Amino acid sequence: MIRTRLYDADRPDREVALEPGLAGRLEERQLLWVDVQGRDAADLRSVLAAMGIGEHLAGRLATERGRADLTQYPDHIHLVLEAMEVAPDALPDGVTPERQEIDLVAGQNWVVTVHGDPAAVLERIDDLTEGDTHIGGLDAAGFLAAIVDEVLAGYLHLAESIEQEIDRLDERALRTRPRDDILARIVTLRRRIAAIRRTLTPHRLAFAALARPEMELHKELGRPWPGLSDRLDRTIDSIENLRDLLLGTYDIHMGRAAQDANEIMKRLTLLSAVLLPAVVLAGIMGMNFTVEFFEDSANFWIVVGAMVIFGAGLLATARWRGWL
């Protein structure tokens, strides 16, 4: 599916027919956005023909590269972005990231986006720019920067969702629920954060290339936005911060486990202390020698009573000292 939108700073924005050589007829205060959903070879060839580009890009756009990248040509650039969003079918107690590759080809007064499945990033851009706007006054680099910024915003939203899940995990770790496998959930989140970081960090090379001096001489594209690298660094810092938060969750869980173990040991120690006088008395009374005290069977109840008194006394002392 191919969508076209011509942004015009002097006239209403509108859809235009995709024709060969369309990019060559664009005026100075116009910007053409062509969005291609699906990587059908025929659709890609028709778009490239409209932009006045040879078919050298068709093969690259037809397949995903799996990594952010930037390739510069004399009259256009090819930028590969790896977008990540919270999957729509994510469970309430889990965040499932959904990766999607977006190819951006930009030249003088035009930008082409190519992706497989529907891209939430581009849908948000489409909603924001729908109607009579003045985006036609932007150059291709400015519009490309807006798309990149929206991709980074998706990562920030994903980081916020994972941070909320970590907060919920902290609450579970603080509660005594022996059947909760907190460690398994921590490991799952750690792997997820690592996957997000591995997807995001390669963008540094692509954005660094956009900021190089020769890109400022790329008159067909326009001057790239210099703040993209800073925006990317802040996004990476947000993902890195999730790892620190997860380590805090691990510390809470281990502290809670140690506290539970201490409580169990305290109860066992107290039980041993309560039973110790009874064990001593039973051992003494079971000695194999004759004492006049043993000859009266009524003394059995005196011994039992002494055991109960010693145990009750220890329990009362433990409660008074706050051990219970």
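Here are some worked exercises on the predicted model shown above.

**Exercise 1. Get your bearings**

Task: Find how many helices and strands the protein has, and what share of its residues count as buried.

Solution:
- Begin with the secondary structure: nine helices and six strands are present.
- Next, take the chain as a whole: 40% of its 324 residues count as buried.
- Then turn to the surface, where the accessible area comes to about 18000 Å². Carbon and sulfur atoms account for 56% of that area.
- Finish with the contacts between residues at least 6 apart in sequence: 68% of them join residues at least 24 apart.

**Exercise 2. Follow strand β4**

Task: Work out which strands pair with β4, and in what sense.

Solution:
- Start with β3 (residues 69-72), which runs antiparallel to β4 and is joined to it by four bridges. Three residues lie between these two strands, and together they form a hairpin.
- Pick out individual partners in this pair. Asp-69 has Val-80 of β4 as its bridge partner, and Leu-70 stands opposite Leu-79.
- Now look at β5 (residues 97-107): its pairing with β4 is also antiparallel, over 11 bridges. Here Leu-81 is partnered with Ile-102 of β5.
- Last, ask about burial. Of the 11 residues of β4 (residues 76-86), 10 are buried, so the strand is largely enclosed by the rest of the structure.

**Exercise 3. Map the nonpolar cores**

Task: Identify which residues have the most contacts inside the largest nonpolar core, and which element gives the core its largest share.

Solution:
- The largest core has 47 residues, and those with the most contacts inside it are Leu-79, Phe-143, Val-148, Ile-162 and Phe-207.
- Several elements each supply at least two of its residues, including β2 (30-37), β4, β5, α5 (182-200) and α8.
- The largest share comes from α4, with 15 residues.
- Apart from this core lies another one, of 21 residues; Ala-23, Val-47, Met-51 and Leu-61 are among them.

**Exercise 4. Inspect two residues by their contacts**

Task: For Thr-113 and Ile-166, decide whether each is buried or exposed, and list what each touches.

Solution:
- Locate Thr-113 in strand β6 (residues 110-115). Its relative accessibility is 0%, and because buried means under 20%, Thr-113 counts as buried.
- Leaving out residues up to four places away in sequence, Thr-113 touches Trp-33, Val-34, Asp-35, Val-36, Asp-103, Leu-104, Leu-122 and Ile-147.
- Move to Ile-166, found in helix α4. This residue is buried too, with a relative accessible area of 2%.
- With the same sequence neighbours left out, Ile-166 touches Leu-189, Leu-242, Leu-245, Leu-246 and Thr-249.
- Check one of these partners: Leu-189 is 23 residues from Ile-166 in sequence, and their C-alpha atoms are 8.5 Å apart in space.

**Exercise 5. Trace the salt bridges**

Task: Find which parts of the chain are linked by the pairs Arg-231 with Asp-149 and Glu-165 with Arg-185.

Solution:
- Recall the principle: side chains of opposite charge can pair when their charged atoms come close.
- In the first pair, the closest N and O atoms of Arg-231 and Asp-149 are 2.8 Å apart. This salt bridge links distant parts of the chain, with Arg-231 in helix α8 and Asp-149 in helix α4, 82 residues apart. Asp-149 is partly exposed, at 23% relative accessible area.
- In the second pair, the closest N and O atoms of Glu-165 and Arg-185 are 2.2 Å apart. Helix α4 holds Glu-165 and helix α5 holds Arg-185, 20 residues apart. Both residues are buried.
- For a further case, see Arg-65 and Asp-69, whose side chains meet at 2.4 Å, N to O. Both are partly exposed, Arg-65 at 42% and Asp-69 at 25%. Together with Arg-60, they are linked in a network of salt bridges.

**Exercise 6. Look at a surface patch and a loop**

Task: State which residues make the nonpolar surface patch, and where Asn-109 lies.

Solution:
- The patch covers about 760 Å² and is made by Ile-264, Met-265, Leu-268, Leu-271, Leu-275, Leu-276, Val-279 and Val-280.
- Take Met-265 as an example: it sits in helix α8 (residues 228-285) and is partly exposed, with a relative accessible area of 49%.
- Asn-109 lies in the loop between β5 and β6. Its phi is near 65°, a positive value in a residue other than glycine. At 13% relative accessible area, Asn-109 is buried.

Key: Residues numbered from 1 in each chain as written. Predicted model: local features only at pLDDT ≥ 70, side-chain atom pairs only at ≥ 80, totals over all residues. Heavy atoms only, no water. Patch = residues over 30% accessible without salt bridge, like charges linked within 9 Å, V, L, I, M, F, W, Y side chains within 5 Å. Areas by Shrake-Rupley, 256 points an atom, 1.4 Å probe, with all protein chains shown as cover. Salt bridge = Lys/Arg side-chain N within 4 Å of Asp/Glu carboxyl O. Buried < 20%, exposed > 50% of the residue type's maximum accessible area, 1.4 Å probe, protein only. Pairing = 2+ DSSP bridges. Core = buried A, V, L, I, M, F, W, Y, C linked by side-chain atoms within 4.5 Å. Contact = heavy atoms within 4.5 Å.
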